[in-house]
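Here's a quick briefing to read with the model open beside you. Grab your viewer and follow along, topic by topic.

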Amino acid sequence: MKRLLHIAFRVVAAGLALSVVLLVVSVAPVNRSSWAQSPLASELRATLLTLQQQTNTLTGNLRAGFGRALLTPTVGADQDDPKHGVFRSLPLAGYGQRKGQPATGTHDDLWVKAVALAVAGRTGVIVSADALIVPREVAEAATDLLKPVGIRRDQLYFGATHTHASIGGWGEGFVGEAFAGDFQPGAREWFASQLAGAARAAITDLTAAQAGATSFAATNFVRNRLVGDKGNVESTFRVLHLVQEDGDRAVIGNYAAHATVLSADVVQFSGDYPGAWQRAIEEEPKTLALFLGGGVGS
């Protein structure tokens, strides 16, 4: 018996030693070198330069159109009606700590905003949602809904504010459901229909307009959550301002701070700080505000 126990102990010890060796050789150390000097950064710059050279710059009179659609769903219904955004329950997307917990109500409304731009017969549409992300499947479904009005996928830019308190239920698989709750096909249907609705409204609204851009430093509200002061941050807040001939305006803001002012303890729908920024801008008459999350990994 002692001999068997001794052999078993040696086998277990050898197995543990082998596991440690495999772990050491298979796990690469964290690369803390500057991103700007990395091969991937050089490859990205080369790719962007190639795309820029392939881009056909258009000149001519600008037309712009603005649209919006309410994204806030109704929860607590007796049965689901995704076409009208009505659900028995719907989880929030953003924090894994919520573990798919359903939303209890609305803190502040969620919106989809869109700006259509047309120059020299070419039209493009920027669509921003008060959402964690715009999943590929949702973007594709929204594109299909816009085909009847002659809009293709390459004419659409879908962006999100990256709020961690928007609608979930749109993701399949372990990762999607970990951050957006159990998959509900109706959530995708509602999400896509509102993206398409805002874009369609913007296209219908196209009229002569002027555009301007500016930026300013906002260093106090963004940090590198991975390496702190040792890393770089993108602290520039960028603004695109569009004004139609009748005085209607759209303001598009872009900033790189995570929309996590509200913690995981909040289980109500909310646009977080990008939603508050949009509401503040829209206090000006005849103004539509859009927010696009920047490099929020910073």
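Let's start at a hairpin: β11 and β12 make one, with four residues between them, and G247 in its turn has a positive phi of about 100°. Keep in mind that you're looking at a predicted model. Overall, the protein has six helices and 14 strands, and 39% of its 298 residues are buried.

**Around the hairpin**

- The two arms of the hairpin, β11 and β12, pair in the antiparallel sense, with six bridges between them.
- If you want a spot to zoom in on, go to H241, whose bridge partner in β12 is V251.
- Is β12 mostly covered or not? It is: of the seven residues in this strand (249–255), five are buried.
- On to β14, which pairs with β12 in the parallel sense over seven bridges.
- One pair to look for there is N254 and its bridge partner in β14, L292.

**The neighbours on the β10 side**

- Strand β11 (residues 236–244) also runs antiparallel to β10, and nine bridges join the two.
- Along that seam, T214 sits opposite V239 of β11, and S215 sits opposite R238 of β11.
- As a rule, side chains in a regular strand alternate between the two faces of the sheet.
- β10 (residues 207–217) pairs with β1 (residues 62–70) too, in the antiparallel sense, over two bridges.
- In that pairing, A64 has T207 of β10 as its bridge partner.

**The whole sheet**

- Put together, eight strands form an open sheet, and the order to trace is β8-β7-β6-β1-β10-β11-β12-β14, with mixed pairing.
- Which strands sit at the edges? They're β8 (156–160) and β14 (287–293), each of which pairs on one side only.
- Going from one strand to the next, the twist averages 25°.
- Helix α5 (residues 185–204) lies across β1, β6 (111–119), β7 (122–129) and β8, and runs at about 145° to β1.
- For the protein as a whole, take the contacts between residues at least 6 apart in sequence: 72% of them join residues at least 24 apart.

**Q278, a residue to click on**

- You'll find Q278 in helix α6, which covers residues 272–281.
- Why does Q278 count as buried? Its relative accessible area is 3%, and the cut-off for buried is under 20%, so Q278 qualifies.
- Leaving out residues up to four places away in sequence, Q278 touches K113, D130, T161, A289, L290 and F291.
- Q278 and L288 are 10 residues apart in sequence, and their C-alpha atoms are 7.9 Å apart in space.

**The largest pocket**

- How big is the volume of the largest pocket? About 560 Å³.
- Its lining takes in 27 residues, and the ones nearest the centre are A256, A257, H258, T260 and Y273.
- By class, the lining of the largest pocket splits into 16 nonpolar, nine polar and two charged residues.
- Helix α4 (residues 173–180) gives the most to this lining, with three residues.

Notes: Residues numbered from 1 in each chain as written. Predicted model: local features only at pLDDT ≥ 70, side-chain atom pairs only at ≥ 80, totals over all residues. Heavy atoms only, no water. Pairing = 2+ DSSP bridges. Axes fitted to C-alpha atoms, helices over the stretch in contact; angles between N-to-C directions. Contact = heavy atoms within 4.5 Å. 1 Å grid on protein atoms, 1.4 Å probe; cavity = no way out; pocket = protein on both sides within 12 Å on 5 of 7 lines; lining within 4 Å. Points joined across faces, edges and corners; volume = space filled by probe spheres on them. Nonpolar A, V, L, I, M, F, W, Y, C, P; charged D, E, K, R; others polar. Buried < 20%, exposed > 50% of the residue type's maximum accessible area, 1.4 Å probe, protein only.
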